[in-house]
Amino acid sequence: MSSSSPLFVAAPQQARLPYPYRPEVDVVEAALATLQGQLDWAQVIRTGRPWVQAVRDKPAPFWAMESLLREYPISSAEGLALMRLAEALLRVPDVETAIALTADQLGRAEFDADAVVDGPHKMLAGISASAISLSKKFLPGADGEGGLLSRLGAKTVVAATVRAIQLLGRQFVLGRTIAEAMEEAQDQRKDMESARRGSANAASGLRFSYDMLGEGARTEHDAERYLASYGNAIQAISRGQVAASPETADGISIKLSALFSRYEDGQRERVFAELLPRVWSLIELAASANLNLTIDAEETDRLELSLDVLDALAARIAATFPKWTGFGLAVQAYQTRALQVVEAVAEIARRHKLRFMVRLVKGAYWDGEIKRAQEGGLTGYPVFTHKEHTDISYLACARALIAHADVIYPQFATHNAGTIAAILQMARAKGAAFEMQRLHGMGEGVYREVMKDPTVACRVYAPVGEHRDLLAYLVRRLLENGANSSFVHQLADNTVDVERLLASPMTNARPPAFPMPAYLYPVDHGLQRRNSTGADLAVLADRAPLDAAVAATVVPQIREATTEDVITAMVKLDDGFAAWNERPVNERAAIIRRAGDLLDARLAEFCGLLVKEAHKTLGDCVAEVREAVDFCRYYADQAQIRLQDQTLPGPTGESNELRMHGRGVFVCISPWNFPLAIFAGQVVAALVAGNTVAAKPAEQTPAVAARMVELLHEAGVPKDALTLLHGPGETIGASLTANLHCAGVCFTGSTQVAKIIQRTLAHKDGPIVPFIAETGGLNAMIVDSSALPEQVVDAVVQSAFRSAGQRCSALRLLVVHGSIADGVIEMVRGALAELNVGDPARLSTDVGPVIDDEAYINVTRNVGRLKKEARLLGEAKVNSDFPRLVAPVAFELGSIADLKEEIFGPVLHVVRWNGDVDQVMHDINELGYGLTLGIQTRIDSRAQRLAKLAKVGNVYINRNMIGAVVGVQPFGGEGLSGTGPKAGGPHYLFRFCAEQTLTVNTAAAGGNAALLAGESGGH
Ligand SMILES: Cc1cc2nc3c(=O)[nH]c(=O)nc-3n(C[C@H](O)[C@H](O)[C@H](O)COP(=O)(O)OP(=O)(O)OC[C@H]3O[C@@H](n4cnc5c(N)ncnc54)[C@H](O)[C@@H]3O)c2cc1C
């Protein structure tokens, strides 16, 4: 369906909005200033109190959800079980897995039906309680065996649980199809009309905005399906009503991520070329029918892009449908830039002489935004960290929307009685036209009261879809209703008094509720390790310096060492050892920490070098520099914490101490795939432990290493403690490891080269030295049928193809349950087709080239072989003439044992499994490697058991399996994958140290003076 129509062309990105990571207090104070004198909060309470009271006095059956979640909060085992089942059970196709999942989740919860008073809640709890008792009887364990009776019983339990989840889901869906939903809407409208009969305005005031449910698109096929479903819905809505105006008519809400799998800032050109024509086709339908089409607000990293999209669409609307006032979008008040978004939207409307419908929401992705900022080491949070700050921002945005009433029809979406009362007060004071909005299944109680005022109109956001499509939406709503801070949750809690419930949020701005991403890690032994600083590539201010550095970088030539250089360097480093080793550990740590800080400040410069020399994509470069910074800071802290002299217990009259020191000259040999992070990690670990270091980088990437060595010298590492020796492994590597002064080797690379080094060390005269080897893997991901295919495919694409598959942690073997394999494979194929393979310097590139010609020849030869031996499942397109690009590709194999060797490139193997999942794990172990493993299942006990059975170093459950974070996921494997200890873990530094115990007979000089003085009786 991809369109080559030049309807829309992307302009270069400009920053329309301020920096998102400004101090929260400043942003909130600015918002508060706009509300000065705007609101009489005592009046807000007077308005809201009777609503709250009425709802509490007459709880309707639709309260079930709120009270259910109050009974079983999402923080409890029961609440969590409910949410997990709601998220997964309905999509599981095979009975065995459904039984295992139900037993696993229900087995850990204690639902008590008798404690529950009334309503569907009682029924849900009852079903759950009987399911529990049945499950206790029939389900011996999540994956346990059972006889016929037990299987029959288990099926009954599962059927009852499915029924309970369907009941839960039904509260949030208006209909399974648009026709069913419209019928239901009509009934609700009639009810409202009769409730209002007798008042001056007998119109129901009830409007609907339909939402077609589903996960975001991962493939073109998904996008086509959503486009058709939105199109059908618009046509059905327009057939069902004669719309006088979009404001009073029913309309539709659309998600751009459903219409295009790559709705991302990095894909601007494709967004304009491919997504916008699709949106335009829906706009044509909606505008012709004169109804409202609103674009939902999604994650923050699309915020700037969404304004550009709005602007481009508005320009075309102005030219084609200048009179149409039904185009709209949602604005999230929890954004620190929310007020400026409102201003930008008003400016766009005014410039194009249009009127928009703007839905103001607080925002549904708060937890995800906080996590993304922490993971990315961003300089702050893009959303507020206090609920009251979001409430303040909401009111400030509401005021701004009302002030722009000439170009904006404000739609206030909230279930919060205090917010509703405040909005009514502000809007009426200005005489502005507006409507309220709520989600179907939420806020019915409050709106039943609010709507008694016949001048209030309310639009219901009405999800439409089958049960399977509901799951992600349902979980969002469960979280929303279950969160302690949420209004609906507190409304259902009679212990929260009305005053507190309706209290004004407009108090002083408070400092952030939790530490900034830089201060994520807790203080350990008095040391606060700062998180490395990342960059938000969707924010121009963060990205521009990186782009500039890439453009300006010329990779310098690094002189190759000779074998004579090696001999000279090793003597020099051996001479330098004593002085460096004698420096107190805190002093060495301070130097390494300083190096980390210098590197942190030079993110752009190092990204430039990494792109140009190692051909890594910008995102990968940022992650790599951050990892190197983390290594410096982490090992500096670890040295201070773990390498200090320790007093040991012993008999009286004697003192005992354990001391650590360096071993001598360490040889560090690193690979090209992480030319900065692995290089720096090895070198700084060896240095901080007191060793001097001969560092040999990969032949392909000496410039990054040379720059890092300069930086370490700048930070204070003496010249005779660290030398770079660039050259081939066969000569330089070999003479370094064979050198008499070599007191230890730290190596990352292939198993084959590790074996050569091991033999060299074995043949060397002199002491037996430590050898730390980190080698390859045949990494697998096991997927059962409770996993979410979309999540699986995201994880597969990131793990198998990012960095062109050139990571030792990369996914090589996807082992997927037979019952969902076809669907997952189809989605992987679709996702492969969406990958951009090309120049790594371009932000839009997902997959860059392989490192050199040798790698290219090797990978393409293997792909050629697989094309003959295995079933080709899918392959990406290469539309670029950048050298050495290999199209990411997936093949199906007959069995796990058919996978023989690690292909270091973007090549994925897929195997189907059926039967015993433990056997699958056993077969993976049999491959002999043990680096990373992914497990995708919602059966917690199964995930834990598989992790125990796995002979691998890093196990990742329900996520991707790359990008181990220093100090968080210490990295390294076993078996053919390496010797350990794990890099970035608490045991790493010891391997670089020699130990000494010092025992002093304190009673030697005649007697035990301390004991006689009564000071010590031992220990
Ligand atoms: C008609 C309609 C359409 C919607 N469309 C969208 C949409 O397009 N995009 C979207 O993202 N959401 C959308 N939502 C969901 C909406 O964001 C939530 O329903 C809403 O946030 C709940 O707010 P409330 O005023 O009802 O409840 P309240 O309980 O008053 O507010 C809860 C909200 O406060 C915020 N919050 C909670 N804790 C904190 C904290 N510690 N710090 C800062 N803020 C916090 C969160 O945004 C949370 O959702 C829509 C909602 C409705 C009613």
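Here are three short exercises on one sheet in this predicted model.

**Exercise 1. Work out where strand 12 sits in its sheet, and which strands lie at the edges.**

Start with the strand order: the sheet is open, has five strands and runs 13-12-11-14-15 with parallel pairing. Next, look for strands that pair on one side only: these are strand 13 (722–724) and strand 15 (771–774), the edge strands. From one strand to the next, the twist averages 15°. Now zoom in on the neighbours of strand 12 (residues 692–696). With strand 13 it forms three parallel bridges, and Val693 sits opposite Leu722 while Ala695 has Leu724 as its bridge partner. Between strand 11 and strand 12 there are five bridges, again parallel, with Val665 facing Thr692.

**Exercise 2. Trace the chain into and out of strand 12, and give the handedness of each crossover.**

Coming in, the path leaves strand 11, goes through helix 26 (residues 677–688) and arrives at strand 12; that β-α-β crossover is right-handed. Going out, strand 12, helix 27 (residues 702–715) and strand 13 form a β-α-β unit that is right-handed too.

**Exercise 3. Sort the side chains of strand 12 by direction, and decide whether they are buried or exposed.**

First, the general pattern: side chains in a regular strand alternate between the two sheet faces. Here, Thr692, Ala694 and Lys696 point one way, and Val693 and Ala695 point the other. Then check the burial, using under 20% relative accessible area as the cut-off: five of the five residues in strand 12 are buried. That includes Lys696.

Key
Residues are numbered from 1 along each chain as its sequence is written. This is a predicted model: local features need pLDDT of at least 70, side-chain atom pairs count only at pLDDT 80 or more; totals for chains, interfaces and linings use all residues. Side-chain values use heavy atoms; hydrogens and water are left out. Two strands pair if DSSP finds at least two bridges between them. Helices (H or I, at least four residues) and strands (E, at least two) are DSSP runs, numbered from the N terminus. Axes are lines fitted to C-alpha atoms, for helices over the stretch in contact, and angles run from 0 to 180 degrees between N-to-C directions. Buried means under 20% relative accessible area, exposed over 50%, partly exposed in between (1.4 Å probe, protein chains only). A crossover is right-handed if, with the strands pointing away from the viewer, the path from the first strand over the helix to the second runs clockwise.
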